[in-house]
Amino acid sequence: MPRYAECRLRPMLENDLGQVFQWRSSQRIRAAMFSDHVITWEEHVKWFEKIVTGDINTQIFIFEVNKVPTGVVNLSKIDLHNRRCYWGFYVGDTSAPPGSGRAMGFLALEKVFDNMHFNKLCGEVLSSNAISQKYHLKLGFEQEGCLKKHIFKNGRFEDVICYGHFQEKWQEIKNRLYKTCFGEV
């Protein structure tokens with residue numbers, strides 16, 4: 001389990017493109033994404049350039065453990081008026097220390113609620129992704145609903161489970177969640 005001081009979220013940079021492309025292209029990561037389309041390098045670069053050149057509704061962060069890029073946190077549909085956004089995430093490094101996913105989740109919640117002062121973080125998970133559903137619940141998300149037959153993937157329509165996490169819940173659980181994620185007092 002990584003320690004808090006060993007972990008950080010930092011903005012994605014151009015020199016991260018190769019690593020993130022490798023992760024996004026892996027079958028393990030694509031299996032959990034809404035799209036099963038195999039992206040090209042050109043599509044990947046255009047995606048990054050769109051964000052860098054003015055997509056104020058999206059922020060991409062690299063999760064590091066001991067300065068080693070380990071995963072990605074994507075904040076999208078950023079709505080400053082209503083103080084909410086959506087997130088996507090993955091641990092890309094298959095050799096990441098155990099507990100890295102929980103640590104990444106904690107830092108993402110800390111960024112959204114303590115740094116950005118948002119009221120709500122939304123998550124959407126494929127109904128076939130039981131691991132991500134449990135992950136959301138362990139981080140304090142509440143299931144808000146289900147979008148029936150919402151995504152066409154692998155030749156069939158699949159439901160999407162909707163989750164929400166809130167500022168007041170974060171304030172209530174963050175100290176306990178910190179101990180769970182980092183094992184520190």
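Here is a quick tour of the pocket, the cores, the aromatic pairs and two backbone oddities in this structure. Keep in mind that this is a predicted model. The largest pocket takes up about 1400 Å³, and the largest nonpolar core brings together 33 residues. On top of that, there are 15 aromatic pairs to look at.

**The largest pocket**

- With a volume of about 1400 Å³, the largest pocket has a lining of 40 residues.
- To find its centre, look for Ala32, Met33, Gly88, Phe89 and Tyr90, the lining residues that lie nearest to it.
- Several helices give at least two residues each to the lining: helix 1 (17-25), helix 2 (27-30), helix 4 (100-115) and helix 5 (130-138).
- Strands join in too, with at least two residues each from strand 3 (68-79), strand 4 (84-91) and strand 5 (120-126).
- As for chemistry, the lining splits into 20 nonpolar, twelve polar and eight charged residues.

**The nonpolar cores**

- As background, nonpolar side chains tend to be buried together in soluble globular proteins.
- In the largest core here, Leu75, Trp87 and Leu121 are the ones that touch the most other members.
- Strand 1 (7-11), strand 2 (59-65), strand 3, strand 4, strand 5 and strand 7 (156-166) each put at least two residues into this core, and so do helix 4 and helix 6 (167-182).
- The top contributor to this core is helix 4, with eight residues.
- A second core sits apart from that one; it has twelve residues, including Val20, Trp23, Phe48 and Ile60.
- Back in the largest core, Trp87 is worth a click: leaving out residues up to four places away in sequence, Trp87 touches Val73, Asn74, Leu75, Gly105, Ala108 and Leu121, among others.
- The contacts of Trp87 also include Cys122, Gly123, Tyr135, His136, Leu139 and Phe141.

**Aromatic pairs**

- A pair of aromatic rings is described by the distance of the centres and the angle of the planes.
- The model has 15 aromatic pairs, one of them being Phe89 with Tyr135, a tilted pair with 5.0 Å centre to centre and 40° between the planes.
- Phe89 belongs to strand 4 and Tyr135 to helix 5, so their pairing ties together parts that are 46 residues apart in sequence.
- Phe89 is partly exposed, because its relative accessible area is 22%, while Tyr135, at 14%, is buried.
- Tyr178 and Phe182 make another tilted pair, this time with 5.2 Å centre to centre and 45° between the planes.
- Both of these residues, Tyr178 and Phe182, are found in helix 6, four residues apart, which is about one turn of the helix.
- Tyr178 counts as buried with a relative accessible area of 19%, and Phe182 is buried as well, at 3%.
- Tyr178 and Phe182 are also part of a cluster linked by ring pairs, together with Tyr4, Phe106, Phe113 and Trp170.

**Backbone oddities**

- Asn66 has a positive phi, near 50°, even though it isn't a glycine.
- You'll find Asn66 in the loop between strand 2 and strand 3.
- Lys149 is another non-glycine residue with a positive phi, about 45°.
- The place to look for Lys149 is strand 6 (residues 142-153).
- Lys149 has 63% relative accessibility, so it counts as exposed.

Notes. Residues numbered from 1 in each chain as written. Predicted model: local features only at pLDDT ≥ 70, side-chain atom pairs only at ≥ 80, totals over all residues. Heavy atoms only, no water. 1 Å grid on protein atoms, 1.4 Å probe; cavity = no way out; pocket = protein on both sides within 12 Å on 5 of 7 lines; lining within 4 Å. Points joined across faces, edges and corners; volume = space filled by probe spheres on them. Nonpolar A, V, L, I, M, F, W, Y, C, P; charged D, E, K, R; others polar. Core = buried A, V, L, I, M, F, W, Y, C linked by side-chain atoms within 4.5 Å. Buried < 20%, exposed > 50% of the residue type's maximum accessible area, 1.4 Å probe, protein only. Contact = heavy atoms within 4.5 Å. Phe/Tyr/Trp six-rings, centres within 6.5 Å; stacked < 30°, edge-to-face > 60°.
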